[in-house]
Amino acid sequence: MERRFKVGVVGAGIAGLACAQTLRNNGVDVTVLEKSRGIGGRVATRRIDSGASFDHGAQYFTVTDAIFEKQVKLWCDLGVAGVWHGRIVSLQDGEFADLQEPRDRFIGVPTMNAIAQSLALDLDVRNDVTVQAVRLSNGKWQLRDATGTQHGPYDFVISTAPPLQTRTLLGDRSATVAGRVSEVRMAPCWAVLCEIGETMSVPYDAAFVHNSALSWIARNSSKIGRDASNCWVMHASPAWSQHHLEESADLIARTLIDEFWKVTLQPALTLTFVVAHRWRYALPIEPLPERFVIDLDTNLAACGDWCGGPRIEGAFLSGHAMANALLARL
Ligand SMILES: Cc1cc2nc3c(=O)[nH]c(=O)nc-3n(C[C@H](O)[C@H](O)[C@H](O)COP(=O)(O)OP(=O)(O)OC[C@H]3O[C@@H](n4cnc5c(N)ncnc54)[C@H](O)[C@@H]3O)c2cc1C
């Protein structure tokens, strides 16, 4: 019997899952190796003891492309995504104005991460596997993880890790991949998650903040399917995050919470939970124009929101295009 073509995908974010799902739907034997306990990458949700949850990475997604539109419709039909009807404003120096934007903002339901869970259904995803090296053995790729365990053999390997990690992983094996990924830089983002133990009366649910260390604040509980607690997620601007990148999470949390009271014109209220999360590689500063990087001499490739991206839509389209390019060559 003819052996099926085997693909190893590094990373179970939206790009890796979209890629793996397209390959699997076309009969390819695909395994996804993910370093974290969960899946979704930057489409992340954190739950706390009180039962509240926070979307501390991606906040929502928009749709411009017909292929992604089809996927979003499917997610909505499955009940794992919906339109966010929160009141979103532009906020500066205490003054706010409603955004006049024609496009819907979609969210995962009941958490952002639900869209990743949906993509991962029926996929072979191996969690807690940090891929550290790729090695050729009898013409096939073997992947070694941080515990020394070997995964494979694979006919083809696709990395969806951020550019720097992809370069470390595949760079020595493929000059093509190394050359392209070296051109991409990612901007960091400090996020702060807080649960407020009292009522807070601001007349909006989220704001793009200007003239501040913060660039975004959102009442997580204004999104459908969330716990009713008064939970907020705030993101610092890329420039502020870069400048304060190596500071302690405690100091960042204190500083950004103070800024939060300032921009929302609130007194310091009681917090029942607060934590800061450092996203070292949050958003590509300038994504590559192509949707994926492929090296057919070595059977190595890379994709992600930094290829033709950015954002959730870009990550999905990158993974989808990567898979179709490979399928076209089989
Ligand atoms: C703070 C923040 C706010 C954002 N806001 C929005 C928003 O509002 N709207 C929007 O559309 N987008 C937003 N984004 C961007 C969006 O989250 C990303 O564009 C998208 O999720 C990227 O998906 P990806 O699959 O390309 O990468 P990732 O989600 O980063 O997935 C890569 C995966 O690879 C894994 N990995 C890395 N190295 C290894 C290894 N060695 N071995 C195994 N696994 C590995 C990682 O753990 C991760 O799961 C935001 C991102 C951040 C951080």
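## The ligand and its shell

The domain bounds used here come from an automatic or database domain assignment. On that footing, the shell around the ligand takes at least three residues from domain 1 (6–44 + 116–183 + 288–329) and at least three from domain 2 (46–110 + 185–284). Keep in mind throughout that this is a predicted model. In total, 32 residues surround the ligand, and the closest are A15, E34, R42, Y60 and D305. Sorted by character, the shell has 16 nonpolar residues, 11 polar ones and five charged ones. As for secondary structure, α1 (14–25), β18 (271–284) and α8 (311–329) each put at least two residues into the shell.

Now for the polar pairs. The side chain of D305 has an N or O atom 2.7 Å from an oxygen atom of the ligand. A ligand nitrogen atom sits 3.0 Å from a backbone N or O atom of V131. R311 joins in through its backbone, with a polar atom there 3.3 Å from a ligand oxygen. On its own the ligand would expose 1,000 Å², and the protein buries 94% of that.

## R311, at the start of α8

R311 deserves a second look. This residue belongs to helix α8, and its phi is near 75 degrees, a positive value in a residue that isn't glycine. Is R311 buried or exposed? At 54% relative accessibility R311 counts as exposed, because the cut-off for that class is over 50%. Note that this value takes only the protein chains as cover.

## Helix α1

Helix α1, one of the contributors to the ligand shell, has 12 residues and runs 16 Å from its first C-alpha to its last, close to the 16 Å expected at 1.5 Å a residue. How much of α1 is buried? The count is 10 of the 12 residues, so the helix is largely enclosed by the rest of the structure. The buried set is I14, A15, G16, L17, A18, C19, A20, Q21, T22 and L23. A15 is also among the residues closest to the ligand. Just after the helix, G27 has a positive phi of about 85 degrees.

## Helix α7

What end-to-end distance should α7 show? At 1.5 Å a residue, the 16 residues of this helix (residues 249–264) should span 22 Å, and the end C-alpha atoms are indeed 22 Å apart, so the two agree. Its buried residues are I252, A253, L256, I257, E259, F260, W261, V263 and T264. L265 follows the helix and has a positive phi, near 60 degrees.

## Two buried polar side chains

D55 sits in strand β4 (residues 53–55) and counts as buried, because its relative accessibility is 0%. What does the side chain of D55 contact? Its partner is the side chain of R226, in a polar contact at 2.8 Å.

S237 is in the loop between β17 (230–236) and α6 (238–243). With 15% relative accessibility, S237 counts as buried too, since the cut-off is under 20%. A polar atom of the S237 side chain lies 3.1 Å from the backbone nitrogen of W240.

## Far in sequence, near and far in space

L271 lies in strand β18. Its C-alpha is separated by 4.5 Å from that of I196, although the two are 75 residues apart along the chain. L271 is partly exposed, with a relative accessible area of 29%.

S215, in strand β16 (residues 214–219), makes a handy counterpoint. S215 and Q132 are 83 residues apart along the chain, and their C-alpha atoms are separated by 34 Å. S215 is partly exposed as well, at 24% relative accessible area.

## Backbone details to check

If you plan to reuse these coordinates, here are some backbone details. V109 and P110 are joined by a cis peptide bond, with omega about 5 degrees; P110 lies in the loop between β8 (106–108) and α3 (114–120). Another cis peptide bond links G152 and P153, again with omega about 5 degrees, and P153 is found in strand β12 (residues 150–154).

N299 has a positive phi near 65 degrees despite not being glycine. This residue is in the loop between β19 (292–295) and β20 (300–303), where it is partly exposed with a relative accessible area of 27%.

Conventions
Residues are numbered from 1 along each chain as its sequence is written. This is a predicted model: local features need pLDDT of at least 70, side-chain atom pairs count only at pLDDT 80 or more; totals for chains, interfaces and linings use all residues. Side-chain values use heavy atoms; hydrogens and water are left out. A residue is near a molecule or strand if one of its heavy atoms lies within 4 Å of it. A polar contact is a pair of N or O atoms within 3.5 Å; within protein, one must be able to donate a hydrogen and the other to accept it, and residues adjacent in sequence count only if both atoms are side-chain atoms. Accessible areas come from the Shrake-Rupley method with a 1.4 Å probe; for residues, only the protein chains shown count as cover. Helices (H or I, at least four residues) and strands (E, at least two) are DSSP runs, numbered from the N terminus. Ala, Val, Leu, Ile, Met, Phe, Trp, Tyr, Cys and Pro count as nonpolar, Asp, Glu, Lys and Arg as charged, and the others, Gly among them, as polar. The expected span of a helix is 1.5 Å times one less than its number of residues. Buried means under 20% relative accessible area, exposed over 50%, partly exposed in between (1.4 Å probe, protein chains only).
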